[in-house]
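Colleague: Could you take a close look at one part of this model with me? I would like to start from the outside and then go to the charged side chains that pair up.

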Amino acid sequence: MSTRTIPLVGNRKNTGETLKMAGLYAFLYGTAFLFLLPYIWMMSTSLKTEQHVFSQVPQWIPPEITFEWYIAVLTGAPMIQWFLNTLLIAGATTVIVVVLNSMIAFSLTKLEWPGKRIVFGVIIASFMVPVFANMVPLFALISRLGLVNNPLAVILPFSAMPIGVFLLVQFFRDLPDEIIEAARLDGFSTFQIYYRIVLPLMKPAIAALSLYTFVYTWNQFLWPLIVLQQETAFTLPVGIVAMQPTQVFQPGAEMAGTLLAVLPLFIVFLILQEHLVNAVQAQGTVG
């Protein structure tokens, strides 16, 4: 009797675990699909004809596909110039942030010098200052330097990113000091230790910071709107809003322009996603 009961209990347990996992995966995939819905609607609308764009019945799949909105956006506005402006600003800001923040984090965690705790405290305290509180004095400074309508007006303020220092300090602290000491015994200078030892070992953290900085700078709207006042100096977020007519609502053109603006971010994420996942796993394992 008992030899027949044990397998039945085991099968019921396995069936319960399978149903639980199936429910969990269905919930996760369903949640992920909800995040995709706006992008699917954006792509669908950008491919519809004008007749179907203003249809009273929502249509997820366009009955007739057209690229007229993409042609209108690319020929009616300097999208290529805005794309190059945005790429220059986001790329330069990312490089500067990674170089400066990694050097600061290295000096705070692996070098001994007086006052480094105070400096780190000041960096953390800067989180408390609202971004909007700095805009008026920052614009006055940028204007005095003659940088209005110059990409440096966006690159220089965004290069001061304290959250990057905070992020890298957490990773650099986990790097064993024995590695640094061994490099010193081998005759490495401080800069060689930073460049040849620390940076290669911190690739996942640096990739995560690069991705965050690039996306953050690419999506910025308010500050570029203030300091970039000429149409040829606009970034993509500013240009897409500026090209919208005030009297005519054209959702097809807006969706096409927005899709072109976010497409590079998907490409950058696909390139760096492996390093991003490794960074999260490494910090989660250590923490």
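How much area does the protein expose, and what share of it do carbon and sulfur atoms supply? After that, please walk me through the salt bridges: which side chains meet, and are they buried or exposed?

Modeller: Happy to! Please keep in mind that this is a predicted model. The protein exposes about 17800 Å², and carbon and sulfur atoms supply 69% of that area. Of its 287 residues, 34% count as buried.

A little on the overall build will help us place the charged pairs. The protein has 14 helices and zero strands, so reading from the N terminus you meet α elements throughout. Its radius of gyration is 26 Å, whereas a compact globule of 287 residues would have one near 19 Å. Along the principal axes, the C-alpha atoms fill a box of roughly 90 × 70 × 35 Å. Among the contacts with a separation of 6 or more, 71% are between residues 24 or more positions apart.

Now to the charges. The protein has 13 positive and 13 negative charges, and the mean positions of these two groups are 13 Å apart. The count of salt bridges comes to two.

Let us take the pair of Asp177 and Lys110 to begin with. Their side chains meet in a salt bridge, with 2.9 Å from N to O. Asp177 belongs to helix α9 (residues 177-185) and Lys110 to helix α4 (residues 79-110), so this salt bridge ties together parts that are 67 residues apart in sequence. The two partners also differ in how they are covered: Asp177 has 45% relative accessibility and counts as partly exposed, while Lys110 is buried, with a relative accessible area of 11%.

The other salt bridge is formed by the side chains of Lys116 and Glu112, at 3.7 Å from N to O. That distance still counts because the cut-off for a salt bridge is 4 Å. Here Lys116 is buried, at 15% relative accessible area, and Glu112 is exposed, at 72%. The limit for buried is under 20%, so the 15% of Lys116 falls inside it. Glu112, for its part, is exposed because its 72% is over the 50% limit.

If you put the pairs side by side on your screen, look for a buried lysine in each: Lys110 with the partly exposed Asp177, and Lys116 with the exposed Glu112.

Definitions and conventions: Residues numbered from 1 in each chain as written. Predicted model: local features only at pLDDT ≥ 70, side-chain atom pairs only at ≥ 80, totals over all residues. Heavy atoms only, no water. Helix = DSSP H or I, 4+ residues; strand = E, 2+ residues; numbered from the N terminus. Rg over C-alpha atoms; globule rule 2.2 N^0.38 Å. Buried < 20%, exposed > 50% of the residue type's maximum accessible area, 1.4 Å probe, protein only. Contact = heavy atoms within 4.5 Å. Areas by Shrake-Rupley, 256 points an atom, 1.4 Å probe, with all protein chains shown as cover. Lys, Arg positive; Asp, Glu negative; His and termini not counted. Charge placed at Lys NZ, Arg CZ, Asp CG, Glu CD.
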